[in-house]
Amino acid sequence: MADLIFGCTGVTAERYAATPTLTFSLTITERSGVKVHAIALRCQIRIEPHRRRYSAAEAQRLHDLFGDPSRWAETVKPIQLATVTTMVPTFTAVTETDLPVPCTYDLEVSSARYLQGLDDGTIPLLLLFSGTVFIAEASYRMPVSVWRELADMHFPNSAWLRCSRQTLDELSAFKAKRALPTWDATLAALLAAAGETPDQAEASRHE
């Protein structure tokens with residue numbers, strides 16, 4: 001039976017992918033000396049938020065996920081990032097392969113909300129590998145800058161928000177009535193009507 005060890009050596013944001021995609025570089029080592037003909041590889045990727053420190057601004061942004069920092073010892077749990085599959089071709093001893101991982105920017109999804117809340121540093125990941133005859137895992141700390149690069153490629157200076165159909169209908173009516181050109185202008189107009197500009201809202205969020 002093959003004796004496999006998995007490692008993750010890097011990650012890049014795919015510039016020309018149709019959807020936001022991170023590509024992880026994997027190294028697979030076979031220690032028993034047998035030839036591996038192929039691997040139908042399945043990988044579950046989890047974010048382990050308890051394995052890094054957070055600035056005060058980051059903690060404030062993550063409040064809706066984890067609650068007050070005084071309770072984080074109880075509330076901070078692993079977050080599912082993705083589950084993907086790939087085929088690894090035949091090799092002996094050592095091989096390197098790429099693992100493409102499609103990502104979401106939907107802020108209703110916990111992983112996207114978590115990643116959006118970080119300023120810099122690294123993101124502790126646990127990669128859980130499985131196949132027909134083996135189970136293995138590897139840890140990797142992904143730079144926050146790679147995630148930001150990926151988001152900026154596909155959604156420059158933007159973020160996604162999900163709302164109910166009724167809320168969207170009401171926003172659409174508000175937008176049409178005032179002949180507002182974009183949804184961004186619509187939200188800015190609502191903030192202004194509430195007596196708070198977007199810049200003031202951002203400033204108050206960090207106070």
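Colleague: How many salt bridges does the structure hold?

Modeller: This is a predicted model, and the count of salt bridges rests on its computed atom positions. Side chains of opposite charge can pair when their charged atoms come close. In this structure, the number of salt bridges is 7.

Colleague: Which residue meets Arg-15 in a salt bridge, and in which element is that partner?

Modeller: Arg-15 is in the loop between strand 1 and strand 2. Its partner is 134 residues apart from it, in helix 5, so that the pair links distant parts of the chain. The N to O distance between the two side chains is 3.8 Å. The partner, in helix 5, is Glu-149.

Colleague: Is Glu-149 buried, partly exposed or exposed?

Modeller: A residue counts as buried under 20% relative accessible area and as exposed over 50%. Glu-149 has a relative accessibility of 36%, which lies in between, and therefore the class is partly exposed.

Colleague: Which residue forms a salt bridge with Asp-119?

Modeller: Asp-119 is in the loop between helix 4 (110–116) and strand 8, and its partner is in helix 1 (residues 56–61), 58 residues apart. Asp-119 itself is partly exposed, at a relative accessible area of 33%. The N to O distance of the pair is 3.0 Å, and the partner is Arg-61.

Colleague: Which residue of the salt bridge between Arg-71 and Glu-74 counts as exposed?

Modeller: The closest N and O atoms of Arg-71 and Glu-74 are 3.9 Å apart. Arg-71 has a relative accessibility of 43% and counts as partly exposed. The other residue has a relative accessibility of 56%, and because the class of exposed begins over 50%, the residue asked for is Glu-74.

Colleague: In which element is Glu-58 placed, and what is its relative accessible area?

Modeller: Glu-58 is in helix 1. Leaving aside neighbours within four places in sequence, Glu-58 is in contact with Arg-52, Arg-53, Gly-117, Leu-118, Asp-119 and Asp-120. Among these contacts is Asp-119, which forms the salt bridge with Arg-61. Glu-58 is buried, and its relative accessible area is 3%.

Colleague: What is the strand order of the open sheet of 3 strands?

Modeller: Strands of a sheet pair through backbone hydrogen bonds, either parallel or antiparallel. In this open sheet the pairing is antiparallel. The edge strands, each pairing on one side only, are strand 1 (4–13) and strand 7 (94–102). Neighbouring strands are turned by 25 degrees against each other on average, direction ignored, and the order is 1-2-7.

Colleague: Which residue of strand 2 stands opposite Ala-13?

Modeller: Strand 1 and strand 2 (residues 21–30) run antiparallel and are joined by 9 bridges. Opposite Ala-13, in strand 2, stands Leu-22.

Colleague: Which residue of strand 7 is the bridge partner of Leu-26?

Modeller: Strand 2 and strand 7 pair in the antiparallel sense over 9 bridges. Along strand 7 the side chains alternate: Thr-95, Thr-97, Leu-99 and Val-101 point to one face and are buried, whereas Val-94, Glu-96, Asp-98, Pro-100 and Pro-102 point to the other and are not. The bridge partner of Leu-26 is Thr-97.

Colleague: Which helix lies across strand 1 and strand 2?

Modeller: The helix in question covers residues 144–154 and runs at about 50 degrees to strand 1. One of its residues is Glu-149, the partner of Arg-15 in the pair described above. The helix is helix 5.

Colleague: With which residues do Ile-45 and Ile-47 stand opposite?

Modeller: Strand 4 (residues 39–47) pairs with strand 5 (residues 79–88) in the antiparallel sense over 9 bridges. Strand 4 also pairs with strand 8 (residues 122–130), again in the antiparallel sense, over 6 bridges. Ile-45 stands opposite Ala-82 in strand 5, and opposite Ile-47, in strand 8, stands Leu-125.

Colleague: Why is Cys-8 not bonded to Cys-43, and how many disulfides are found?

Modeller: Cys-8 is buried at 12% relative accessibility, and Cys-43 is buried at 0%. The closest cysteine sulfur to that of Cys-8 belongs to Cys-43 and is 8.4 Å away, which is too far for a bond because a disulfide requires sulfur atoms within 2.5 Å. Over the whole structure, the number of disulfides found is 0.

Colleague: Which element has the lowest mean pLDDT?

Modeller: The protein averages a pLDDT of 88, and 93% of the residues score at least 70. Strand 2 has the highest mean among the elements, at 96. The lowest mean, 49, belongs to helix 8 (residues 198–205).

How values were computed:
Residues are numbered from 1 along each chain as its sequence is written. This is a predicted model: local features need pLDDT of at least 70, side-chain atom pairs count only at pLDDT 80 or more; totals for chains, interfaces and linings use all residues. Side-chain values use heavy atoms; hydrogens and water are left out. Two strands pair if DSSP finds at least two bridges between them. Helices (H or I, at least four residues) and strands (E, at least two) are DSSP runs, numbered from the N terminus. Axes are lines fitted to C-alpha atoms, for helices over the stretch in contact, and angles run from 0 to 180 degrees between N-to-C directions. Contact means heavy atoms within 4.5 Å. pLDDT is the predictor's confidence in each residue, from 0 to 100. Buried means under 20% relative accessible area, exposed over 50%, partly exposed in between (1.4 Å probe, protein chains only). A salt bridge is a side-chain nitrogen of Lys or Arg within 4 Å of a carboxyl oxygen of Asp or Glu.
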